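I opened this entry to work through the symmetry, the sheets and one helix. My notes follow in the order I looked things up.

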Number of protein chains: 4
Amino acid sequence: MIRVTLTTICGTDLHIVRGEYPVAPGLVIGHEPVGVIEELGEGVTGYQIGERVLVGAITPCGQCRACLSGHASQCGHGAAYEALGGWRFGNTINGAQAEYLRVPYAQANLAKIPDELTDEQVVLLADIASTGFGGAEAAKIRIGDSVVVFAQGPIGLCATAGAKLMGASLIIGVDGDEHRLAMSKRMGADVTLDYREVDVVAEVKRLTGGGADVAIEALGTQQTFESSLRSLRPAGTLSSLGVYSGKLQIPYEAFAAGIGDYRIVTTLCPGGKERLRRLMEVVRHGRVDLTPLLTHRFKLDNISDAYKLFGERSDGVLKVAIQP
Amino acid sequence: MIRVTLTTICGTDLHIVRGEYPVAPGLVIGHEPVGVIEELGEGVTGYQIGERVLVGAITPCGQCRACLSGHASQCGHGAAYEALGGWRFGNTINGAQAEYLRVPYAQANLAKIPDELTDEQVVLLADIASTGFGGAEAAKIRIGDSVVVFAQGPIGLCATAGAKLMGASLIIGVDGDEHRLAMSKRMGADVTLDYREVDVVAEVKRLTGGGADVAIEALGTQQTFESSLRSLRPAGTLSSLGVYSGKLQIPYEAFAAGIGDYRIVTTLCPGGKERLRRLMEVVRHGRVDLTPLLTHRFKLDNISDAYKLFGERSDGVLKVAIQP
Amino acid sequence: MIRVTLTTICGTDLHIVRGEYPVAPGLVIGHEPVGVIEELGEGVTGYQIGERVLVGAITPCGQCRACLSGHASQCGHGAAYEALGGWRFGNTINGAQAEYLRVPYAQANLAKIPDELTDEQVVLLADIASTGFGGAEAAKIRIGDSVVVFAQGPIGLCATAGAKLMGASLIIGVDGDEHRLAMSKRMGADVTLDYREVDVVAEVKRLTGGGADVAIEALGTQQTFESSLRSLRPAGTLSSLGVYSGKLQIPYEAFAAGIGDYRIVTTLCPGGKERLRRLMEVVRHGRVDLTPLLTHRFKLDNISDAYKLFGERSDGVLKVAIQP
Amino acid sequence: MIRVTLTTICGTDLHIVRGEYPVAPGLVIGHEPVGVIEELGEGVTGYQIGERVLVGAITPCGQCRACLSGHASQCGHGAAYEALGGWRFGNTINGAQAEYLRVPYAQANLAKIPDELTDEQVVLLADIASTGFGGAEAAKIRIGDSVVVFAQGPIGLCATAGAKLMGASLIIGVDGDEHRLAMSKRMGADVTLDYREVDVVAEVKRLTGGGADVAIEALGTQQTFESSLRSLRPAGTLSSLGVYSGKLQIPYEAFAAGIGDYRIVTTLCPGGKERLRRLMEVVRHGRVDLTPLLTHRFKLDNISDAYKLFGERSDGVLKVAIQP
């Protein structure tokens, strides 16, 4: 059990609130908690009441078939695999937009926060950084790769930062919002493209001399998925992070009819305390600073204002800090 | 320049003959040659006139960006990448259904045949075995994986054999043709499913306790692609070998809306003399025997009969040996 | 808590009995248990009293830094890494040569045995098969590789079987004992070499045309380690399974002075219930049969006779089945 | 044939000059050339006389067993593998410390230099950057890893830069020379340790909470090799770049007696035009700047002064630019 000291709102929470994604009824939602240990379950060792901890959006058990196979996000709760099974907070159990939070499988999921890091420096690691970096990692970006990232919302911006962390030489950020394109450069993009103004696929091919090595999709629409594939050189990798609804089509000619040695990989936010420890090390040593993405701050009591702002994407909002 | 001693017909050749796949006009087609060296270009070293060689369907240059990046099937002819660029025989230059054949980039593509192997033992390595095994390899099959292979034509049968070679524990072959299902067992399937009789996806889930680790698609239709994806456990891998035409759709719910950690990988036949050397070693040491797939034999002069039989899929034909 | 129904003796147990490897004093030793669930701890779900289970030599927690990083054999007991920390039975807690056994982290470590498999069919999966196959896996053996395995004791024989499972084309087993060389062929070796009779390194180079792709060391001596390295082609992989004592030297010229692109990888038995489930699937589908390695059978009451036989390596003993 | 416009001296050249490494007698040495195409061999396509090119220290053929297996540094010249076979310049053929240079396998090895890059910006990519980054790549450094690099000479400094490029969180540079330790920070080290002042292994363990994920050895001595291994956590990776002479010993207890899941990987400079193109992209997009390592400049006519300075390591020399 932790006392929540900082949390935030995710695009997924919006979908839930709008009834577009069904979760267990009556739940507190939110899945990005920073807090202080208030109570420790029997058998949890190595922690003390009062320690500051970060908990991931995904809370794997560590002991099921999926977890023991390295696919903890599809955690089967001690048994086999369950699609998205590692995502519990605000989905199948009470979540983080609250004063107190019960953390399942605490031994595997409480990541101690180093003293020199503030809550704001780490809160975005719980979901968007783990997801965005995960998209870069799943693509197996290598030193010298050219990478294009479609959509520069919070997840896409973290994918851009992840591509930079992994040694991509040329990073192209794509969006249609000026604030986000400006932030894209700040997070590591060398070039940004506004899809309202240029033919993005043609421009990516021109800049990369025939197609990018890697394209990361960070929105979840047919159009961005398709443009990602079209932007690749033969044998390129499409790393998809978006949540799609309805039909998703692969343009067969851009897919070289199936024999172009393309790879399409998908990633749900990696979780567990070790993942978070690593990400906090990245921040602690100054490799990346995500605090510019926290554009607004609210008290938990005023969370409905925060939802309104975030839902309307007004005032250049990227992520909101919510303090109980 | 080699004198062809044995070749065969591929499904792709049928597509070309029927005008469904456009190649350079006036070409001799065929891309699976076994032969004897008749003449050696200047600068080709380590070979002698009269040696028996196997040449792959894909003849990479070894010296372009694609080749030097490990993607030789998308060979760019000395320069960058070209989609399917490594496929030259019967596509952009004269092919193997002939008495003589000029082999491009001979230094990289002439694979000497060990004395103890016959032409018939190696001819199917040039394309279908390299492709089928390649599908298993691209899926990164591990010891103990459960694998389902959709379609048990020549490529699918080789994918089945490839899955067995890599240590899959349970291999399920799917087709609607009795001869092919029988051959599937011979090539390594533990269980075969006739899609005319059972709900394949449901049966795969039952047999694997929730979904296969790997599904290999070896036909190139929307239905097999989709069933492949539906047969997987979360975080499973779909390895696609088929050549698709028209639209290809990803069923978004089977894709866990994009966040199920699924991977889709595609493979064009790996080529080059080292690939063929390895495959011949596999045959030489008795790991696999592909000669049962050579169901019929024709002289080159009677190749039109062979095309007729192969095109009609009559008489349980799988592959035909064509002897000049 | 399980009631042990079958176990065996490992070479490590001999070292312990002889005082060559120090463990916590007063312990019951043995780490290869098959049994029946007698009692279930609180919080362990999905199991029932009376179910037959296999438990691995290594019993990871699933929730520490090492486990969450995929290095469960170096399990840190909820915290970070601990060298060999996943090995608990007969090392830091009571082991399997007993009537009853308490299994730590039961949720992660009880692997149900399919009804169609006998205790004898699975008991060797707990350690030697997981280790031997693990050596093949760590070497990343590919279809068509040539592999030499130094020493054909129980572990080496399983490494041989593992190389075959992964699609090696040529497998060479090396030992100086006739029984073991004969068993080597049965487990998958194409060629066996008796080091008392031939210059093994020279012969491996001859058979492989310049050096093996992979060498597996399965004894733990300077000589086998060195011969393994000397048997490789440039850029080959030495996969080491042995437990070394004292000094271990790398012959610098066989190492190409450090710039031959060689890899040396080491493996401690992979554990956890998912690993065991996979290995049991391999047995269940007839991919491998390890029962020929169980050369002798004893009652637990006569275990000192078993230790005597096993210690003296008399009567062609490989592994002994011990039944409480 | 290229007209050399810039080259440099490597530590290997010193060894050759001192007679410590035997090369073909009478050779021009040096293997790091930048130049202008003066003449093109028959069959080389896509290039024009007068183009600026960078050529790697390693010049693979692209068409032998080693090259086609992804081990181009051990190139077998069209045939199989040859240890260090890809290193030709100043070893088996005339090298780069000359006015003109014949480039073998030009199609695979001439990398065009983008207009915006100067000779000085790219000359160090030919060997030390490709090697140093290669050490980081071979270690498979992941986002958040802790990395220690032993020795901060030119290669070690590039390994430091490579670790940073790949997303290491904490990078520790070790040396005993103040200039080099200062440069280490400039190339990406967070912490530097002077082995004359601290117990490096103990300090690395303290800083990393138990041992580094990766240690890179960049000198080639028993001591640095051993300290690298001792600095690792269990299941860590030692990436070795040094050229060793004489005996090399693995301290068995730091190796956890062989069962600590440690990996030791070695790397010879990756070559070929695609490698160089990628590295030039890294420089072109400002990811790394190696020009600070070019501490001194000489005319080719005065190369003996350059050798003297470089050999004595005087005046804080790291690399010298040699201009014909």
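I count a residue as buried if 20 or more other C-beta atoms lie within 10 Å of its own. The model is predicted, so I keep that in mind throughout.

**Entry 1: a covered strand in chain D**

I started with strand E7 (residues 170–175) of chain D. How many of its residues are buried? I found 6 of 6, so the strand is mostly covered. I then checked which way the residues point. D:Leu170, D:Ile172 and D:Val174 face one way from E7(D). D:Ile171, D:Gly173 and D:Asp175 face the other way. Both sets are buried.

Next I looked for a partner strand. Strand E6 (residues 146–150) of chain D pairs with E7(D) in the parallel sense, over 5 bridges. Within that pairing, D:Val147 has D:Ile171 as its bridge partner in E7(D).

**Entry 2: the sheet of chains C and D**

I traced the sheet that holds these strands. It is open, has 12 strands and shows mixed pairing. I read the order as E8(C)-E7(C)-E6(C)-E9(C)-E10(C)-E12(C)-E12(D)-E10(D)-E9(D)-E6(D)-E7(D)-E8(D). Which strands stand at the edges? They are strand E8 (191–194) of chain C and strand E8 (191–194) of chain D. Each has a single partner strand, so one side of each is left without a neighbour in the sheet. I also noted the turn between neighbouring strands, which is 20 degrees on average with direction ignored.

In chain C, I followed strand E10 (residues 232–240) to strand E12 (residues 263–266). They pair in the parallel sense over 4 bridges. C:Thr237 stands opposite C:Arg263 in E12(C).

Then I looked for a helix on this sheet. Helix H6 (residues 154–165) of chain C lies across strand E6 (146–150), strand E7 (170–175) and strand E9 (212–217) of chain C. The helix runs at about 170 degrees to E6(C).

**Entry 3: the sheet of chains A and B**

I repeated the trace for chains A and B. Here 12 strands form an open sheet with mixed pairing. The order is E8(A)-E7(A)-E6(A)-E9(A)-E10(A)-E12(A)-E12(B)-E10(B)-E9(B)-E6(B)-E7(B)-E8(B). Strand E8 (191–194) of chain A and strand E8 (191–194) of chain B are the edge strands, and each pairs on one side only. Neighbouring strands are turned by 20 degrees against each other on average, direction ignored.

I checked one pair in chain A. Strand E10 (residues 232–240) and strand E12 (residues 263–266) of chain A run parallel, with 4 bridges. A:Ser239 has A:Val265 as its bridge partner in E12(A). On the chain B side, helix H6 (residues 154–165) packs on the sheet. H6 of chain B touches strand E6 (146–150), strand E7 (170–175) and strand E9 (212–217) of that chain. Its direction makes about 170 degrees with that of E6(B).

**Entry 4: how the chains are related**

I superposed chain B on chain A. The fit takes a turn of 180 degrees and a shift of 0.0 Å along the axis, with an RMSD of 0.0 Å. That is the relation of a two-fold axis. The contact residues of chain B recur in chain A at 100%, so I record that the same surface serves both copies. Which residue of chain B comes closest to this rotation axis? I found B:Gln249, with its C-alpha at 2.2 Å.

I then tried chain B on chain C. A rotation of 180 degrees with 0.0 Å of shift superposes them, at RMSD 0.0 Å. For this axis the closest residue of chain B is B:Met166, at 2.1 Å (C-alpha). Again the same surface serves both copies, and 100% of the contact residues of chain B recur in chain C.

**Entry 5: the contact between chains B and C**

I counted 16 residues from chain B and 16 residues from chain C in this contact. On the chain B side, helix H5 (128–138) and helix H10 (273–284) each supply at least two residues. H10(B) gives the largest share, 4 residues. By class, that side has 7 nonpolar, 4 polar and 5 charged residues.

**Entry 6: helix H10 in chain D**

I finished with helix H10 (residues 273–284) of chain D. Its 12 residues should span 16 Å at 1.5 Å a residue, and the end C-alpha atoms are 16 Å apart, which agrees. In H10(D), 11 of the 12 residues are buried, so the helix is largely enclosed by the rest of the structure. Among them are D:Lys273, D:Arg275, D:Leu279 and D:Val283. Just after H10(D), D:Gly286 takes a positive phi of about 75 degrees.

Conventions
Residues numbered from 1 in each chain as written. Chains lettered and ligands numbered in written order. Predicted model: local features only at pLDDT ≥ 70, side-chain atom pairs only at ≥ 80, totals over all residues. Least-squares fit on C-alpha atoms with pLDDT ≥ 70 in both. Contact = placed C-beta atoms within 7 Å. Nonpolar A, V, L, I, M, F, W, Y, C, P; charged D, E, K, R; others polar. Expected span 1.5 Å × (residues − 1). Pairing = 2+ DSSP bridges. Axes fitted to C-alpha atoms, helices over the stretch in contact; angles between N-to-C directions.
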